[in-house]
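Visitor: I would like a close look at a single part of this model, the protein surface that faces the DNA. Please take me through it with care.

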2 protein chains.
Amino acid sequence: MHPIGFESHDHRHCIAEGVSAAEARCAEEGLQFTPVRRRVLEILLEQHRAMGAYDILEVLRAEGLGSQPPVAYRALDFLVSHGFAHRIERLNAFTACAYPGADHAPAFLICRLCRTVAEASAAPRAQLDKAAAEAGFLIERAVIEAEGLCPDCRNAA
Amino acid sequence: MHPIGFESHDHRHCIAEGVSAAEARCAEEGLQFTPVRRRVLEILLEQHRAMGAYDILEVLRAEGLGSQPPVAYRALDFLVSHGFAHRIERLNAFTACAYPGADHAPAFLICRLCRTVAEASAAPRAQLDKAAAEAGFLIERAVIEAEGLCPDCRNAA
DNA sequence: AGAGGCGATGTTATACTATATCAACCCCGA
DNA sequence: TCGGGGTTGATATAGTATAACATCGCCTCT
């Protein structure tokens, strides 16, 4: 995986790609890709942005797919635990995975203005593994998140 | 700064060191190192652990230093914004800075069993800067947190 | 001394994020 | 037909964080 940026691109493609990758993996592994789960993934894929659980819940509610917090959190837990989405700790929010299927240890670049999220190189993770090894620490999960300005918002400012 | 570990050490020293470093910096910069702020820093320094704002508030309350959430949050905001403490996003918690005074971009190693927090090497940050530069992204703040098992808890398990 | 400003604190209320719990349902296989 | 596993529905509550406004103490300027 190489650093990806904030280039514009055919976004229908992202959505179709993301959903069908998830569909395929669920079929393979005998997981249930239910309507709520599918819809939550679509909502996340519609933007390369971080969305709060309650933002998503609002959409679900408007569409009659569920109206209580656990509905959103369950779907998000499913997506995150199977690698179809990521949790952004810094924002207590969620974003669709940009590399569905790839076994990866993502680092995120989060724009504080437009909330766009990009998945960057795994190099920082390699360095973190090295530092941990030296300290005798066993990493089970790593959070690497940079917050700042994306190219577009830099230019606008 | 080099990777630090989980070695045992003279802990009185940590506390005295941390408090006096903060005291000195506040004097230099004309900041008010008030009783609540000092006490919160001490509480954090008493353990190399992440503590939630409400954990801290409980202690303050028991000591008559304040009983409402804003009291704790204000003190923590002060400490974090001046580099005397760090926020651990992964845990929604706080820990005293292990290198008071050093201008640093910390990476944390967080034990999920004992909640001990170590500040590790800055190398991952350098890699993150590199990835961001390639993407045209301007980093304003970075969160690098690894969660797992510290040497002691690994041995115990 | 008095007026005004500033930062810190006290207090109340509320917003936002997340999970526990239990009941109901559905599909599938024994 | 029965039972089990996983999903969903619904209520309640836990945990984290901030808005807003009043007050106070201290410093400074006049």
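**The surface facing the DNA**

Guide: Of the atoms of DNA strand D within 4 Å of the protein, 40% belong to sugar or phosphate, and the rest belong to bases. This is a predicted model, and the values that follow are computed from it. Around DNA strand D there are 13 residues, and the closest are T34(A), R74(A), Y54(B), Y73(B) and R87(B). By class, the residues of this surface divide into 5 nonpolar, 4 polar and 4 charged.

The phosphates of DNA strand D can be taken one residue at a time. In chain A, a polar side-chain atom of T34(A) lies 2.7 Å from a phosphate oxygen of this strand, and an N or O atom in the side chain of R37(A) is 3.1 Å from a phosphate oxygen of DNA strand D. From chain B, R87(B) places a polar side-chain atom 2.3 Å from a phosphate oxygen of DNA strand D. As for secondary structure, α4 (69–81) of chain A and α4 (69–81) of chain B each supply at least two residues of the surface near DNA strand D, and α4(B) gives the most, with 4 residues.

Turning to DNA strand C, one finds 14 residues surrounding it, the closest being Y54(A), Y73(A), R87(A), T34(B) and R74(B). Of the atoms of DNA strand C within 4 Å of the protein, 43% belong to sugar or phosphate, while the rest are base atoms. The residues of the surface near DNA strand C divide into 6 nonpolar, 4 polar and 4 charged.

A contact with a base can be described here, since a polar side-chain atom of Y54(A) lies 2.7 Å from a base nitrogen of DNA strand C. The backbone of DNA strand C is approached by R87(A), whose side chain has an N or O atom 2.4 Å from a phosphate oxygen, and by R37(B), where the corresponding distance from a side-chain N or O atom to a phosphate oxygen of DNA strand C is 3.0 Å. The elements that give two or more residues to the surface near DNA strand C are α4 of chain A together with α4 of chain B, and the largest share, 4 residues, comes from α4(A).

Some of these residues also take part in arrangements of aromatic rings. Over all chains, a search of the whole structure finds 4 aromatic pairs. One of them is formed by Y54(A) and Y73(A), whose ring centres are 6.1 Å apart and whose planes stand at 70°, so the pair is edge-to-face. This pair links distant parts of the chain, with Y54(A) in helix α3 (residues 53–62) of chain A and Y73(A) in helix α4 of chain A, 19 residues apart. Y73(A) counts as partly exposed because its relative accessibility is 34%, and this class covers values from 20% to 50%, with the protein chains only taken into account.

In chain B, Y54(B) and Y73(B) form an aromatic pair that is edge-to-face, with 6.2 Å from centre to centre and 75° between the planes. Here too the pair links distant parts of the chain, since Y54(B) is in helix α3 (residues 53–62) of chain B and Y73(B) is in helix α4 of chain B, 19 residues apart. Y73(B), at 34% relative accessibility, counts as partly exposed.

The arginines at position 37 deserve a second look beside their phosphate contacts. R37(A), which has a side-chain N or O atom 3.1 Å from a phosphate oxygen of DNA strand D, lies over the face of F78(A), at 3.9 Å from the ring centre. R37(B), with a side-chain N or O atom 3.0 Å from a phosphate oxygen of DNA strand C, lies over the face of F78(B), at 3.9 Å from the ring centre.

Lastly, the loop between α3 and α4 of chain B holds Q68(B), which counts as partly exposed at 49% relative accessibility. Although Q68(B) and L57(B) are 11 residues apart along the chain, their C-alpha atoms are separated by 7.4 Å. The side chain of Q68(B) is also joined to that of S67(B) by a polar contact of 3.4 Å.

How values were computed
Residues numbered from 1 in each chain as written. Chains lettered and ligands numbered in written order. Predicted model: local features only at pLDDT ≥ 70, side-chain atom pairs only at ≥ 80, totals over all residues. Heavy atoms only, no water. Near = heavy atom within 4 Å. Polar contact = N/O pair within 3.5 Å; in protein donor to acceptor, adjacent residues only side chain to side chain. Nonpolar A, V, L, I, M, F, W, Y, C, P; charged D, E, K, R; others polar. Phe/Tyr/Trp six-rings, centres within 6.5 Å; stacked < 30°, edge-to-face > 60°. Buried < 20%, exposed > 50% of the residue type's maximum accessible area, 1.4 Å probe, protein only. Lys NZ or Arg CZ within 6 Å of the ring centre and 35° of its normal.
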